[in-house]
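Student: I should like to take a close look at a single part of this structure. Please treat it in one connected account.

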Amino acid sequence: MRAADAVIIGGGVTGCSLAFHLAGAGLGRVLVLERRFVGAGGTGRSVGIIRQLYPTPETTLMVLRSLDVFERFDDAVGGEAGFHRCGVLIGVSAAMRPTLEKTLALQRGLGVRAEILDPADLHRLEPRIDPAGLGAVLHEPGSGYGDPPAVNAGYAEAARRRGAVIEQGVEVVSLRTSSGKITGVVTAAGDEISCPVVVNAAGLWSPAVARLADIELPIVIGRHPVFVVERDPGFGPDHMVYMDLAGGSYLRPETGGLTLTGSLIDDETQHPMDPELLGAEPSFDEASVALERTSRAVPRMAEARYARGWAGAFDITPDWMPILDETGLEGFFVAAGMSGHGFKLAPAVGEIMAALISGAPPPVDPAPFRLSRFAGRAISGTFVSSYLG
Ligand SMILES: Cc1cc2nc3c(=O)[nH]c(=O)nc-3n(C[C@H](O)[C@H](O)[C@H](O)COP(=O)(O)OP(=O)(O)OC[C@H]3O[C@@H](n4cnc5c(N)ncnc54)[C@H](O)[C@@H]3O)c2cc1C
């Protein structure tokens with residue numbers, strides 16, 4: 001039988017960031033087991049938007065720490081994050097404006113740089129957005145988007161350089177426990193690895209992995225399709241990332257005159273998805289509905305040509321915030337439930353989880369991310385509430 005000091009189940013951006021930080025904390029033999037290949041899960045299907053608008057001090061500090069890593073990824077981790085600081089605009093309705101103002105005041109106190117524009121002033125920054133229906137627009141000049149598979153690979157390589165081992169094509173099918181403690185994992189090939197710490201970083205498969213220990217995670221796997229369009233030649237220069245919280249759509253530029261777009265209508269939990277369907281082609285009707293919503297936000301997008309799309313999915317908790325905690329089974333940790341924003345938070349999530357596991361002081365208070373917050377309480381959130389509270 002083999003042995004490790006910590007086994008991380010899942011080689012997505014969460015698992016690899018954690019492996020990098022755990023190996024850096026001197027935890028000993030850190031082993032990542034990935035059933036397919038690094039980036040095969042939600043990370044490989046991500047849109048990669050890095051916005052800073054978050055509703056709480058803890059999430060704000062997490063995104064600021066993470067943004068700092070994306071900005072100097074080669075020095076901080078190694079490799080390319082593909083970070084484009086194109087700026088992010090976030091449109092809200094008139095009803096949402098007071099909450100936006102309150103949230104930004106809190107965030108400014110923590111170091112976020114952003115300004116609120118009146119819709120009438122939007123044309124100075126992006127004349128192609130239709131301001132009708134908006135009550136305010138937040139401009140984050142330092143935000144943008146990154147390349148999730150590149151960041152995932154960067155963390156994997158950096159973790160290896162620190163001595164972590166990443167095994168691909170290795171599925172965990174069973175967990176070993178004794179007297180309320182985790183003692184090991186068993187792979188599909190029948191390999192048994194004894195270890196005192198196991199981390200469930202299996203993203204869209206995290207509920208299934210937790211069930212191996214008879215633990216039910218409050219996570220729904222909700223479908224979130226993405227559509228790629230070719231902008232018409234007359235569209236003009238690249239646009240910023242635009243999240244239209246009032247109208248329910250988003251756009252982020254891609255190289256080659258392409259735009260990635262999708263809906264922000266908070267309907268993912270109503271469309272539970274088998275994670276094995278990740279990457280499937282959405283129907284043309286589904287694309288038409290989504291692209292119509294996008295063209296309402298940016299009318300010029302009505303001229304764009306639909307190129308392709310894929311079914312993504314989010315691992316969604318009731319408050320749309322991650323679970324970063326040890327479970328009731330000693331030594332069995334969860335870093336999942338990223339609820340559609342786990343790419344931009346991955347650098348901080350890895351740091352926080354490594355601290356929880358090694359016993360070091362966490363860089364951000366992990367209390368809001370405890371699993372126990374859901375026990376016996378009805379908590380409900382939306383994707384929009386993960387921006388504004
Ligand atoms: C369409 C889409 C758009 C998104 N857009 C954004 C965005 O704009 N900004 C942002 O911040 N976030 C975004 N996200 C969310 C973000 O990409 C995810 O939260 C993040 O990538 C999840 O990473 P992860 O490592 O937790 O999970 P995953 O990437 O899903 O990794 C989990 C891994 O576990 C492996 N695994 C599963 N079961 C087992 C097992 N039994 N044994 C071994 N390995 C196993 C899987 O193969 C997988 O590779 C988006 C996600 C999607 C799908």
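Is Glu167 buried or exposed, and what is its relative accessibility?

Tutor: The model is predicted. In it, Glu167 has a relative accessibility of 18% and therefore counts as buried, the cut-off being under 20%. Its setting is strand β9, residues 165-168, which is an edge strand of an open sheet and pairs on one side only. That sheet has six strands in the order β9-β3-β2-β13-β20-β19, and the pairing is mixed. The other edge strand is β19 (323-326). On average, neighbouring strands of the sheet are turned by 15° against each other, direction ignored. Further along the order, β13 (residues 198-200) and β20 (residues 332-336) pair in the parallel sense over three bridges; within this pairing, Val199 has Phe333 of β20 as its bridge partner.

The side chain of Glu167 forms a salt bridge with Arg2, where the closest N and O atoms are 2.8 Å apart. Since Glu167 lies in β9 and Arg2 in strand β1 (residues 2-3), this pair ties together parts that are 165 residues apart in sequence. Arg2 is partly exposed, at a relative accessible area of 33%, whereas Glu167 is buried.

A second salt bridge offers a comparison: Glu230 and Arg305 meet at 2.8 Å, N to O. Glu230 belongs to strand β14 (residues 220-230) and Arg305 to strand β18 (residues 305-316), so parts 75 residues apart in sequence are tied together. Glu230 is partly exposed at 34%, and Arg305 is partly exposed at 48%. Returning to Glu167, salt bridges with shared partners join Arg2, Glu167 and Asp191 into one network. The whole structure contains 20 salt bridges.

Technical notes: Residues are numbered from 1 along each chain as its sequence is written. This is a predicted model: local features need pLDDT of at least 70, side-chain atom pairs count only at pLDDT 80 or more; totals for chains, interfaces and linings use all residues. Side-chain values use heavy atoms; hydrogens and water are left out. Two strands pair if DSSP finds at least two bridges between them. Helices (H or I, at least four residues) and strands (E, at least two) are DSSP runs, numbered from the N terminus. Axes are lines fitted to C-alpha atoms, for helices over the stretch in contact, and angles run from 0 to 180 degrees between N-to-C directions. A salt bridge is a side-chain nitrogen of Lys or Arg within 4 Å of a carboxyl oxygen of Asp or Glu. Buried means under 20% relative accessible area, exposed over 50%, partly exposed in between (1.4 Å probe, protein chains only).
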